[in-house]
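Morning, everyone. I'd like to walk you through two helices and the cores around them. Have a look at the structure first.

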Amino acid sequence: MGRTKINKIETLANTKFLSLYDAEYINKKGNIKHWTMASRKTKETLEAQIFDNKKEKIDAVVIVALHKDLNKLVLLKQFRVPVNDYLYELPAGLIDEGEDVLTAAERELKEETGLKFIAIDSSKKIVPIYASGGMTDESMALVYCLCEGEVSSEYLEEDEDIEVMLVSQEEAKAMLEKGLKFDAKAYLALQNFIKIGKDIVNVNINLK
């Protein structure tokens, strides 16, 4: 048996933030198949990655932020159009052209919560991860950090319907027991936070 590989990419639809592609591939038995996939990347960028081994650019950042003074995890309750409901999520956003992961994390945390990014947990390596590899190649980096300040909605965009929550371990446990709607990354982060508390972020500075 051979190795599955993509032969060709064709564009099905383009929008500002997302494109739909048909990927023609050869499966392990040598048969030609097709897969419909969504991507944040242009066709040229995809082809460079697939056929020319160009290094992948991470699309988005997801932020596991612990409030320095309160020892609480930062959580969002955000309206998401595809599910027509509010989901509990971590702060997150797309990485702008020319930004690195940490710059994007600092900007997104400020925009979505008003909180100030003050220190990163450098013990956790920044690598691309994938939330739904059967549907999209969208990659994201998890950034663990400390933050400080007061929650504010001042920097939200018009279409961002977000409530910011600072959650203790006890509150996190109660939320998981209620059967609320969670983004998968937030669900796992809350589970971890319940077990280890403020140690979810390992930063060598003096916590008040």
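One definition before we start: the expected span of a helix is 1.5 Å times one less than its number of residues. Keep in mind that this is a predicted model.

Take helix α2, residues 101–113. It has 13 residues, so it should span 18 Å; its end C-alpha atoms are 18 Å apart, which agrees. At its start, a side-chain oxygen of D100 comes within 3.3 Å of the backbone nitrogen of L102. After the helix comes G114, with a positive phi near 80°.

What is buried in α2? V101, A104, A105, R107, E108, L109, E112 and T113. The buried residues of α2 pack against β4, β5, β7, β8, β10 and β11.

Now α4. Again 13 residues, so 18 Å is expected; the end C-alpha atoms are 19 Å apart, which agrees. Its buried residues are A186, A189, L190 and F193. They cover an arc of only 100° around the axis, so they sit on the same side of α4. The face turned away carries exposed A184, L188 and K195. On the buried side, the partners are β4, β5, β6, β11 and α3.

The ends of α4? D183 caps the N-terminal end, with a side-chain oxygen 2.9 Å from the backbone nitrogen of K185. G197 follows the helix, phi positive, near 60°.

Last, the cores. The largest nonpolar core has 24 residues; L75, L90, L190, I200 and V201 touch the most other members. Elements giving two or more residues to this core are β4, β5, β10, α3 and α4. Apart from it lies another core, of 19 residues, including V61 and C147.

Methods. Residues are numbered from 1 along each chain as its sequence is written. This is a predicted model: local features need pLDDT of at least 70, side-chain atom pairs count only at pLDDT 80 or more; totals for chains, interfaces and linings use all residues. Side-chain values use heavy atoms; hydrogens and water are left out. Helices (H or I, at least four residues) and strands (E, at least two) are DSSP runs, numbered from the N terminus. Buried means under 20% relative accessible area, exposed over 50%, partly exposed in between (1.4 Å probe, protein chains only). Contact means heavy atoms within 4.5 Å. A polar contact is a pair of N or O atoms within 3.5 Å; within protein, one must be able to donate a hydrogen and the other to accept it, and residues adjacent in sequence count only if both atoms are side-chain atoms. A nonpolar core is a set of buried Ala, Val, Leu, Ile, Met, Phe, Trp, Tyr and Cys residues joined through side-chain atoms within 4.5 Å. The arc is that of the directions from the helix axis to the C-beta atoms.
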